[in-house]
Amino acid sequence: MGLHREIRRIRKIGGATVARYYARQFGNAFIHPLNLVRPARCECSCCGWRGARFLNYVGYDETLRNYVCPRCGSHARHRGLAIFLRRLFGAQGRVLRVLHFAPERGIAASLSAHPRVNYVTLDMARHAVSVRGDIGAMPFLDAVFDLIICCHVLEHLSEDGRALAEIARTLRPGAQALIMVPMVADWETRATLEFGAPQPRLSDHWRLYGNDLPQRIAAAGLTCTSIRFSSFLTREERDIYQSGDDIIFVGARPS
Ligand SMILES: [Zn+2]
């Protein structure tokens, strides 16, 4: 529950850090009136919101400016992924069965309404999903999905290998999983840092992924490639959507 979690967090990372966090959150209040008077330069590719700038994302150790959609709550990565999915489904002539873990609101709204998407969502805790269940032991038959979306989920799991194995099991031969995880600047120069426990300062992440992520995906029996946002979005589009240049790891089940 929210209050319990917050008290636990204060105990672990200190009241001063939490107080600074709330002060920075308050700074977002000044962005709303700005959006009423300044010309629109940004657009949310998830919900269509337009305005001068997005809200800031406030974490315990960082503030990411111009990052969160005030209407649908999308983050930079969701706006890039939304465009990727729109183009992917636009090129498809048939209905695809899509599984989406811990569905983000902005992406879920467009996929659930899409005429060529048979949309299934799964999460342990939320009520607004089609199926409640564990990603490490999914209640689905083998080889039933044409696409799986796993965006910022693996870092929350103690054993990401179990989830990747389940993704491989439930994908149809030839089908793909789109996997995104938090990547920091040095990720390509080091292996994954395993913390051994969820880190309260890092949104309860169990690890910080590094250059062995493709091997982890391959260990589940999937062929791994990667796609940068900059390969399908122009600089101008990335400015408008404030998407950044994130990476989608594509795990494909061999045909
Ligand atoms: Zn939005």
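These legends describe close-up views of one predicted model.

Local features need a pLDDT of at least 70, side-chain atom pairs count only at pLDDT 80 or more, and totals for chains, interfaces and linings use all residues. Residues are numbered from 1 along each chain as its sequence is written, and side-chain values use heavy atoms, with hydrogens and water left out.

**View 1. An open sheet of seven strands.** The strand order is β7-β6-β5-β8-β9-β13-β12, and the pairing is mixed. Strands (E, at least two residues) and helices (H or I, at least four) are DSSP runs, numbered from the N terminus. Two strands pair if DSSP finds at least two bridges between them. β7 (131-132) and β12 (223-228) stand at the edges with a single partner strand each, so one side of each has no neighbour in the sheet.

**View 2. The β6-β7 pairing at one edge.** Strand β6 covers residues 117-123. β6 and β7 run parallel and are joined over two bridges. Which residue of β7 is the bridge partner of Leu-122? That partner is Val-131.

**View 3. Helices α4 and α6 across the sheet strands.** Helix α4 (residues 76-90) lies across β5 (96-101), β6, β8 (145-151), β9 (171-180), β12 and β13 (247-252). The α4 axis runs at about 170 degrees to β8. Helix α6 (residues 160-170) lies across β5, β8 and β9. The angle between α6 and β9 is about 145 degrees. Axes are lines fitted to C-alpha atoms, for helices over the stretch in contact, and angles run from 0 to 180 degrees between N-to-C directions. Contact means heavy atoms within 4.5 Å.

**View 4. Phe-145 in strand β8.** Is Phe-145 buried or exposed? Phe-145 has a relative accessible area of 0%, so this residue counts as buried. Buried means under 20% relative accessible area, exposed over 50%, and partly exposed in between (1.4 Å probe, protein chains only). Leaving aside residues up to four places away in sequence, Phe-145 touches Arg-97, Val-98, Leu-99, Val-120, Phe-140, Thr-170, Leu-171, Arg-172 and Ala-175. Leu-233 is 88 residues from Phe-145 along the chain, and their C-alpha atoms are separated by 27 Å.

**View 5. The β3-β4 hairpin.** Strands β3 (residues 55-58) and β4 (residues 63-68) run antiparallel. Three bridges join them. Val-58 stands opposite Thr-63 in β4. How many residues does the hairpin use to join β3 to β4? The connection runs through four residues.

**View 6. Positive phi at Ala-102 and His-152.** Ala-102 lies in the loop between β5 and α5 (105-112). Its phi is near 40 degrees, a positive value in a residue other than glycine. Ala-102 is buried, at 18% relative accessibility. His-152 sits in the loop between β8 and α6. Phi of His-152 is near 55 degrees, again positive in a residue other than glycine. His-152 is buried too, with a relative accessible area of 16%.

**View 7. A salt-bridge network around Arg-207.** A salt bridge is a side-chain nitrogen of Lys or Arg within 4 Å of a carboxyl oxygen of Asp or Glu. The structure holds 15 of them. Asp-160 pairs with Arg-207, the closest N and O atoms being 4.0 Å apart. Asp-160 belongs to helix α6 and Arg-207 to strand β11, so this pair ties together parts 47 residues apart in sequence. Both partners are buried: Asp-160 at 8% relative accessibility, and Arg-207 at 2%. Glu-194 also forms a salt bridge with Arg-207, with closest N and O atoms 2.9 Å apart. That pair links strand β10, which holds Glu-194, to β11, with the two positions 13 residues apart in numbering. Glu-194 is partly exposed, at 43%. Arg-216 and Asp-212 meet in a salt bridge of 3.4 Å, N to O. Asp-212 is buried, with a relative accessible area of 16%. Salt bridges that share partners join Asp-160, Glu-194, Arg-207, Asp-212 and Arg-216 into one network.

**View 8. A nonpolar surface patch.** Leu-193, Phe-195 and Leu-202 make a patch of about 220 Å². Patches are made of residues with over 30% relative accessible area and no salt bridge; like charges are joined within 9 Å, and nonpolar side chains (Val, Leu, Ile, Met, Phe, Trp, Tyr) within 5 Å. Areas come from the Shrake-Rupley method with a 1.4 Å probe, and for residues only the protein chains shown count as cover. Leu-202 lies in the loop between β10 (193-199) and β11 (205-208). Leu-202 is partly exposed, at 36% relative accessibility.
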